[in-house]
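Q: I would like a close look at one part of this model, with its surroundings described step by step and then set against the chain as a whole.
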Amino acid sequence: MNGLSPGATLRLAALAFSALLLLPAQLVAMRLGPRHGAAIPRLFHRLTCRCLGVRRRVRGTPPPPGAAGLIVASHVSWLDIAVIGALRPLSFVAKSEVAGWPVIGFLARLQRTVFIDRMRRGATADVAAVMGARLAAGESIVLFAEGTTGDGTRILPLRSSLLGAAHEALGKNEDRDIPVYPLTITYTGFHGLAGGRAERTTLAWYGDEELAPHLKTVLAAGTIDVELVWGAPIAMGARTSRKEATRLAEAAIRQARREAVTGRQSA
């Protein structure tokens with residue numbers, strides 16, 4: 001990648017070496033079953049954050065270790081995958097185009113990403129069934145319910161359709177609730193210094209921007225500060241519909257983004 005500093009080139013090389021080193025182990029782990037294939041992606045995401053200079057600050061109460069749940073997260077950049085994936089074992093829901101991306105598509109499949117073809121009728125129902133089965137098996141799944149990446153400041157309206165996957169997990173036991181965990185990701189600045197809208201937009205990957213130039217921007221940024229805020233879990237099931245759960249999750253995410261942007265937390 002032309003124009004990178006020696007330090008950025010070294011960090012990118014270290015990341016590529018880490019991927020090659022962990023790849024055989026992950027292929028073997030996946031043959032042993034889903035539970036065995038969760039630890040290595042988490043390690044890789046932590047290495048990615050380290051190599052790209054990402055410093056994570058977490059607020060709120062995360063799901064208990066090993067707890068299943070639908071994590072409804074805000075979406076700013078491809079970097080969100082590493083930032084969230086470094087926290088705990090989980091898998092993601094992604095648009096089908098990602099499966100065809102060089103390198104990234106292959107890595108996504110190694111993490112058992114659920115791909116959805118938004119142009120195909122019935123795709124939502126198929127993906128919901130897969131998500132529901134995984135939730136019922138005790139796994140955690142991340143859903144970027146905005147449907148696309150934002151500019152790092154605004155939160156787009158959340159879509160409720162895929163939250164119906166939690167209802168699939170209920171099966172015949174309609175009294176069972178599935179926890180929905182709101183998670184807000186905000187890139188707050190560089191080197192410990194708070195940034196403004198311009199800095200957040202620089203780190204956001206949205207619109208028609210190509211991946212390679214944005215990766216170059218991230219590598220050139222040095223240390224990147226990101227805040228992750230867990231909202232209170234929402235029990236979706238018998239008493240709370242997917243639309244109500246979506247509304248509550250969106251309200252929590254919007255509040256957390258406002259607090260991250262203004263630096264003022266609610267009492």
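In which helix is the place of Glu250, and with which residues is Glu250 in contact, leaving aside its neighbours within four places in sequence?

A: The model is a predicted one, and what follows should be read with that in mind. Glu250 belongs to helix α9, which covers residues 242-262. Glu250 has a relative accessible area of 18% and therefore counts as buried, the limit for that class being under 20%. Once the neighbours within four places in sequence are set aside, the contacts of Glu250 are with Pro157 and Leu158.

Those two residues lead to Ala145, whose contacts beyond four places in sequence also include Pro157 and Leu158. Ala145 sits in the loop that runs between β5 (140-143) and α6 (164-170), and with a relative accessible area of 4% it is buried. The C-alpha atom of Ala145 lies 9.8 Å from that of Ala249, although 104 residues separate the two along the chain. Apart from Pro157 and Leu158, the contacts of Ala145 take in Arg159, Val72 and Ala73.

Val72 and Ala73 bring in strand β2, which is made up of residues 69-73. This strand is joined to β6 by four bridges, and the two run parallel; within the pairing, Ile71 faces Tyr181 of β6. From the contacts of Glu250, one can thus pass by way of Ala145 to β2 and on to β6.

Strand β6 itself spans residues 178-190 and is mostly covered, since 11 of its 13 residues are buried. Besides β2, it pairs with three strands that can be taken in turn. With β9 (residues 234-236) the pairing is antiparallel and rests on three bridges, and here Pro179 has Ala235 as its bridge partner. With β8 (residues 224-230) the pairing is again antiparallel, now over seven bridges, and Ile185 stands across from Leu228. With β7 (residues 193-194) there are two antiparallel bridges, one partner pair being Gly189 and Ala194. The β6 and β7 strands make a hairpin with two residues between them, and His191, in the turn, has a positive phi of about 55 degrees. As a general point about such strands, the side chains of a regular strand alternate between the two faces of the sheet.

The strand that precedes the loop of Ala145 is β5 (140-143), and it offers a second route through the model. Among the contacts of Ser91 beyond four places in sequence are Ser140, Ile141 and Val142, which fall within the range of β5. Ser91 is part of strand β3, residues 91-95, and its relative accessible area of 2% makes it buried. The other residues that Ser91 touches, under the same exclusion of sequence neighbours, are Gln111, Arg112 and Arg134. With Arg134 there is also a polar contact between the two side chains, at 3.2 Å.

The cysteines deserve a separate remark. The structure has zero disulfides. The closest cysteine sulfur to that of Cys49 belongs to Cys51 and is 9.6 Å away, which is too far for a bond, given that a disulfide calls for sulfur atoms within 2.5 Å. Cys51 accordingly takes part in no disulfide, its nearest cysteine sulfur being that of Cys49. Cys49 counts as buried at 2% relative accessibility, and Cys51 is buried as well, with a relative accessible area of 10%.

Seen as a whole, the chain has nine helices and nine strands. Its radius of gyration is 18 Å, which agrees with the value near 18 Å that a compact globule of 267 residues would have, and its C-alpha trace spans about 60 × 50 × 35 Å along the principal axes. Of the 267 residues, 47% are buried, Glu250, Ala145 and Ser91 being among them. The chain exposes about 13,400 Å², of which 58% comes from carbon and sulfur atoms. Among contacts between residues at least 6 apart in sequence, 76% join residues at least 24 apart; the contacts of Glu250 with Pro157 and Leu158 offer an example of such distant partners.

Terms used
Residues numbered from 1 in each chain as written. Predicted model: local features only at pLDDT ≥ 70, side-chain atom pairs only at ≥ 80, totals over all residues. Heavy atoms only, no water. Buried < 20%, exposed > 50% of the residue type's maximum accessible area, 1.4 Å probe, protein only. Polar contact = N/O pair within 3.5 Å; in protein donor to acceptor, adjacent residues only side chain to side chain. Contact = heavy atoms within 4.5 Å. Rg over C-alpha atoms; globule rule 2.2 N^0.38 Å. Areas by Shrake-Rupley, 256 points an atom, 1.4 Å probe, with all protein chains shown as cover. Pairing = 2+ DSSP bridges.
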